[in-house]
Amino acid sequence: MDPARGVHGALVLRPAGFHPNHAEQGQSGREGPHAIAWTSIDGAAPGAGEAPAQRPGAPRAADEARGSPAVRIARFSVREGSPAAGSVSFGVVEGDPSRPDSLVVHELAGHPFGQPQPTGESYRFQDVRLLSPMLPNKIVAVGRNYAAHAAELGNEVPDVPLTFFKPSTSVIGPTENIAYPPFSSDVHHEAELAVVIGRMCREVPLDRVPEVILGYTCANDVTARDVQQREGQWARAKGFDTACPLGPWIETDLDPGDLAITCTVNGELRQTGRTSLMVRSVAELIVHISEAMTLLPGDVILTGTPAGVGPLNVGDEVAVSIEGIGTLTNKVIKRG
Ligand code: ZN
């Protein structure tokens, strides 16, 4: 079989820089950002025969770079007062998140895909400002993936997953504000588990989904409910600027199968659920979405929200927490 084509004849994408020799190095696709030339179908991935599938929870490249397990990957800028003030980098956050003064950020060179390299520079957590952990090329979101949430808005669970896009311009980080759009008077929070893609891929088979996931973060699929109900398409209702808070970091060592997910507004519990209540699992969603489109490193999949969605008002503080990841907190302000 032509290695550039799958059994169905579909072209396997090869980004510039791909070298077939990488396929013979055993851990194919882990030699660097250009070795992720896998979009297959049928095991036509370069070196698929040799490359052991990465198990969920298995140490990832970033762990190996540091020589220790469990990784939280953040994107950050350095606060004033340091010679590096203002620079933006990815980094690995170490320490106990319940004690922020114990946290240290180890800077990575370049991006966290493939085999990230530490620069050797480290910062105290209080000296950095966390940014959105990723700037995705696209965000593919899934609607009505928890039966109780579908029911609370009077909807059925769809026969096939309901998918929509949120634009890259809707992304904000954990220290940024949700700006209430002037064309809505009913903006809602939707706490969601977000999946961050780690490798270019298309037509991902179910058993190879773990190989294409970099990790998981918290998301708020902020929605102008009145606009969603008024307009047939959801581009404005779910795509306005600041409608996609992500963070605080990407946890790469996590099984997404049964995690507690909550949303509070001003400390009051509004949403509570478990990812085990998803109608379609993370893996099933990635199979479904990648059947249609190429996913790129950094792309984000939002997996649906549990029951309890409700209004946000200017002045509110909304917090999405997911077990094993952390808490994403944003304030709501009036758009300036
Ligand atoms: Zn949603």
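The following conversation concerns a predicted model of a protein chain.

User: What is the mean pLDDT of the chain, and what share of residues reach 70 or more?
Analyst: The model is predicted. Its mean pLDDT is 84, and 79% of the residues reach 70 or more.

User: Where does pLDDT stay under 50?
Analyst: It stays under 50 over residues 1-69. For that stretch the model has 125 contacts beyond four places in sequence. Where pLDDT is low, the predicted coordinates should not be read in detail.

User: Turning to helix α5, which of its residues are buried?
Analyst: Helix α5 spans residues 282-292, and its buried residues are Val282, Ala283, Leu285, Ile286, Ile289 and Ser290.

User: Why do those residues lie on the same side of α5?
Analyst: Because they cover an arc of only 155 degrees around the axis, they fall on the same side of α5. As general background, an α-helix has 3.6 residues a turn, so residues three or four places apart point the same way.

User: What is exposed on the other side, and which strands do the buried residues pack against?
Analyst: Glu291 and Ala292 are exposed on the other side of α5. The buried residues of the helix pack against four strands: β6 (139-143), β7 (162-166), β11 (191-197) and β17 (300-302).

User: On to the sheets. What is the order of the five strands in the open sheet with mixed pairing?
Analyst: The order is β9-β20-β19-β15-β16. β9 (178-180) and β16 (268-274) stand at the edges; each has a single partner strand, so one side of each is left without a neighbour in the sheet. From one strand to the next, the twist averages 20 degrees.

User: How many bridges join β19 to β20, and how many join β15 to β19?
Analyst: β19 (residues 317-322) and β20 (residues 326-334) run antiparallel and are joined by six bridges. Within that pair, valine 320 has leucine 328 of β20 as its bridge partner. β15 and β19 also pair in the antiparallel sense, over five bridges, and there isoleucine 261 is partnered by isoleucine 322 in β19.

User: What about β15 and β16, and which residue in their hairpin takes a positive phi?
Analyst: Strand β15 (residues 260-265) runs antiparallel to β16, with six bridges joining the two. Threonine 262 stands opposite threonine 272 in β16. The hairpin has two residues between the strands, and asparagine 266 takes a positive phi near 50 degrees.

User: Which strands form the open sheet of three, and which of them stand at the edges?
Analyst: Its order is β13-β10-β18, with antiparallel pairing. β13 (223-224) and β18 (310-311) are the edge strands, each with a single partner strand, so one side of each is left without a neighbour in the sheet. Strand β10 (residues 187-189) pairs with β13 over two bridges, and valine 187 has alanine 224 of β13 as its bridge partner.

User: A last topic: is valine 105 buried or exposed, and where does it lie?
Analyst: Valine 105 lies in strand β3 (residues 104-109). The residue is buried, because 25 other C-beta atoms are within 10 Å, and the cut-off for burial is 20 or more.

User: What does valine 105 touch, leaving out residues up to four places away in sequence?
Analyst: Valine 105 touches Ala74, Phe76, Gly91, Val93, Ser122, Tyr123, Phe125 and Val128. In addition, the C-alpha atoms of valine 105 and valine 92 are separated by 5.5 Å, although the two residues are 13 residues apart along the chain.

Conventions: Residues numbered from 1 in each chain as written. Predicted model: local features only at pLDDT ≥ 70, side-chain atom pairs only at ≥ 80, totals over all residues. Buried ≥ 20, exposed ≤ 12 C-beta atoms within 10 Å, placed from the backbone. Arc of directions from axis to C-beta. Contact = placed C-beta atoms within 7 Å. Pairing = 2+ DSSP bridges. Axes fitted to C-alpha atoms, helices over the stretch in contact; angles between N-to-C directions. pLDDT = per-residue confidence, 0-100.
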